[in-house]
Amino acid sequence: FLHCLPATRGEGCAALRVTLEDAHTGLAALLDYAIYDDCPAVTRSAKLVNGGDAPLNVTRAMSLCLDLPDDGWDIITLPGAWARERAVCRRPLVPGHQGISSRRGASSAQASPFMALARPNATQAQGEAIGMTLVYSGNFMADAEVSQFGLTRLLLGIDDNDFRWQLLPGEGLQTPEAALVYSDAGLGGMSRGFHRLWERHLLPARWMNRPRPV
């Protein structure tokens, strides 16, 4: 069973909730989307609610899934270390799984919950780029899988290694919010899209458009 519920999420933003329900277990998946009119971004999160009579065990709960019709992309991740955060690692997509994850209990300087795809000819100033990041600092997984048919699936969410969450009847599990930005003006356009999203929609209102304390 599926139904959609339009909602408001603040100025400059349109929100939509899609509810999926499983008739056999009573599990409901509430998928929340937000689209912004001042930056090329979409945010998404999911909430799982046990509407049945028996406990359920959740072993995977992704915040974002995006399917692309081809594999003609470079993948970009941002590994790092203390005082050397966010080194850019760019390489072509290949068949199978690739990406970045953290099982340290935190995203940390070693692994940023960010991944991007860029066309091979994309530069800072031109070309297509898709970036995704998780508004979350715990264990995470960012994965790009290329199928045998040359299709690409992007996944972003809590790392599912040893993940297990019991949902008692009536309880819910909220996943972290994921942000997706598209640019046809290169990696620089993608970066500016993220900057506008954070500055206008994530920062506390009292610090918007003014210097923040260090």
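# Strand pairing, one helix and two unpaired cysteines

Strands S7 and S8 are paired in the antiparallel sense, with four bridges between them. This is a predicted model, and the account below starts from S7 and works outward. Isoleucine 76 has arginine 90 of S8 standing opposite. S7 also pairs with strand S10, residues 111-118, in an antiparallel arrangement joined by five bridges. Here isoleucine 76 is opposite alanine 116. Isoleucine 76 therefore has a partner in S8 and another in S10, while S7 is largely enclosed by the rest of the structure because five of its six residues are buried.

The connection from S7 (74-79) to S8 (89-92) is a loop, and arginine 86 lies in it. The phi of arginine 86 is positive, about 65°, although the residue is not a glycine. Most residues other than glycine have a negative phi. Arginine 86 counts as partly exposed, because its relative accessibility is 37%.

The next group of strands is built around S13, residues 152-157. S13 is mostly covered, with five of its six residues buried. Strand S6, residues 62-68, runs antiparallel to S13 and is joined to it by six bridges. In this pairing, cysteine 65 stands opposite leucine 155. Strand S12, residues 140-146, also pairs with S13 in the antiparallel sense, again over six bridges. There the residue opposite threonine 152 of S13 is valine 146. S12 and S13 make a hairpin with five residues between the two strands. Within the turn, glycine 150 has a positive phi of about 80°.

After S13 the chain enters a loop that leads to strand S14 (165-167), and aspartate 162 is found in this loop. Aspartate 162 is another residue other than glycine with a positive phi, in this case near 60°. With a relative accessible area of 74%, aspartate 162 is exposed, whereas arginine 86 is partly exposed.

Leucine 167 also takes part in a contact with a loop from an earlier part of the chain. Alanine 54 sits in the loop between strand S4 (41-50) and strand S5 (56-58). Apart from neighbours within four places in sequence, alanine 54 is in contact with Leu167 and Pro169. Alanine 54 and leucine 167 are 113 residues apart along the chain, and their C-alpha atoms are separated by 8.8 Å. Alanine 54 is partly exposed, its relative accessible area being 41%.

The helix is H1, residues 186-201. Its 16 residues should span 22 Å at 1.5 Å a residue, and the end C-alpha atoms are 23 Å apart, so the two values agree. The buried residues of H1 include Gly186, Gly188, Gly189 and Gly193. Also buried in H1 are Leu187, Met190, Phe194 and Leu197.

Cysteines 13 and 39 raise the matter of disulfides. A disulfide is a covalent bond between the sulfur atoms of two cysteines. To be counted, the two sulfur atoms must lie within 2.5 Å. By this rule there are zero disulfides. The cysteine sulfur closest to that of cysteine 13 is in cysteine 39, and because the two are 8.8 Å apart, they are too far for a bond. Cysteine 39 is likewise in no disulfide, its nearest cysteine sulfur being that of cysteine 13. Both residues are covered: cysteine 13 is buried at a relative accessible area of 14%, and cysteine 39 is buried at 6%.

Taken as a whole, the protein chain has one helix and 16 strands. Its radius of gyration is 18 Å, which agrees with the value near 17 Å for a compact globule of 214 residues. Along the principal axes, the C-alpha atoms fill a box of roughly 55 × 45 × 35 Å. Of the contacts in the protein chain with a separation of 6 or more, 59% are between residues 24 or more positions apart; the contact between alanine 54 and Leu167 joins residues 113 positions apart. Buried residues make up 41% of the 214 residues. The protein chain exposes about 11,800 Å², and carbon and sulfur atoms supply 56% of that area.

Note on methods
Residues numbered from 1 in each chain as written. Predicted model: local features only at pLDDT ≥ 70, side-chain atom pairs only at ≥ 80, totals over all residues. Heavy atoms only, no water. Buried < 20%, exposed > 50% of the residue type's maximum accessible area, 1.4 Å probe, protein only. Expected span 1.5 Å × (residues − 1). Pairing = 2+ DSSP bridges. Contact = heavy atoms within 4.5 Å. Rg over C-alpha atoms; globule rule 2.2 N^0.38 Å. Areas by Shrake-Rupley, 256 points an atom, 1.4 Å probe, with all protein chains shown as cover.
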